[in-house]
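Grab a pencil and open the viewer. Here are some short exercises, each followed by a worked solution.

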Amino acid sequence: MSRVKDVMFKASTRLHVAVFFRSKGRVFGRAMGMPVVGLVTTGRKSGQRRATTLAAPIIEDGRVVLVASFGGDDRNPAWYRNLRHDPRVELTTRRDGTRRMTARTAAEDERAKLWPRIVSVYQGYGRYQDRTQRQIPVVILEPTNAANPSSDPA
């Protein structure tokens, strides 16, 4: 079953990524009531740029919060595994264009504060958490500090 899910997911992601980036977020720029962002990571094995689109339940104060839910799968999504290896990412939003960001996994206390807000924006995240035994990671993207581009790793 995972194989079928993976194939379908990759095909739909390719289409969504192509349209989102070509339109600079004007098309496919919202999903489930949330803004969609384009995330570019560096492949942990290949070293190649890897692009995906994700719903962002929280965008505020220059930071973007993402949820590595993978639809409640027992595995972490590839984009999350990539940014754990290299937290330097590029983020594209319709409003702000493309910018460099540094990713990190929210600490337990941060996650505890963010999770109720995340679920209030999209209840599906709560259902995804119920489906899996892993704790779904919450990722915080912050602008890369020009003086310290290699901020704390994810």
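**Exercise 1. Work out which parts of the chain the salt bridge between E60 and R117 ties together.**

Solution. Keep in mind that you're looking at a predicted model.
- Step 1: find the pair. E60 and R117 form a salt bridge, and their closest N and O atoms sit 2.9 Å apart.
- Step 2: place both partners. E60 is in strand β4 (residues 58–60) and R117 is in helix α3 (residues 108–121), so the bridge ties together parts that are 57 residues apart in sequence.
- Step 3: check how open they are. E60 has a relative accessible area of 25%, which makes it partly exposed. R117 is partly exposed too, at 37%.

Why can such pairs form at all? Side chains of opposite charge can pair when their charged atoms come close.

**Exercise 2. Decide whether D73 and R75 are buried or partly exposed.**

Solution.
- Step 1: see how they are linked. D73 and R75 make a salt bridge, with 2.9 Å between the closest N and O atoms.
- Step 2: use the cut-off. Buried means under 20% relative accessible area. D73 comes in at 12%, so D73 counts as buried.
- Step 3: do it again for the partner. R75 has 30%, so R75 is partly exposed.

**Exercise 3. Find out how many salt bridges a search of the whole structure gives, and look at some others.**

Solution.
- Step 1: the total. The search turns up ten salt bridges.
- Step 2: another pair. D96 bridges to R99, the closest N and O atoms being 3.5 Å apart. D96 is partly exposed at 33%, and R99 is partly exposed at 21%.
- Step 3: a network. Salt bridges also link R49, E90 and R100.

**Exercise 4. Describe the surroundings of T92.**

Solution.
- Step 1: locate T92. You'll find T92 in strand β6 (residues 88–93).
- Step 2: judge its burial. With a relative accessible area of 8%, T92 is buried.
- Step 3: list contacts. Skipping neighbours within four places in sequence, T92 is in contact with F20, F21, V37, G38, G97 and T98. With T98 there is also a polar contact between the two side chains, at 2.7 Å.

**Exercise 5. Now do the same for T53.**

Solution.
- Step 1: locate T53. T53 belongs to strand β3 (residues 49–55).
- Step 2: judge its burial. T53 has a relative accessible area of 13%, so T53 is buried.
- Step 3: list contacts. Leaving out residues up to four places away in sequence, T53 touches H16, V17, F20, V36, V37 and G38.
- Step 4: check a distance. T53 and L39 are 14 residues apart along the chain, with 6.0 Å between their C-alpha atoms.

Key: Residues numbered from 1 in each chain as written. Predicted model: local features only at pLDDT ≥ 70, side-chain atom pairs only at ≥ 80, totals over all residues. Heavy atoms only, no water. Helix = DSSP H or I, 4+ residues; strand = E, 2+ residues; numbered from the N terminus. Buried < 20%, exposed > 50% of the residue type's maximum accessible area, 1.4 Å probe, protein only. Polar contact = N/O pair within 3.5 Å; in protein donor to acceptor, adjacent residues only side chain to side chain. Contact = heavy atoms within 4.5 Å. Salt bridge = Lys/Arg side-chain N within 4 Å of Asp/Glu carboxyl O.
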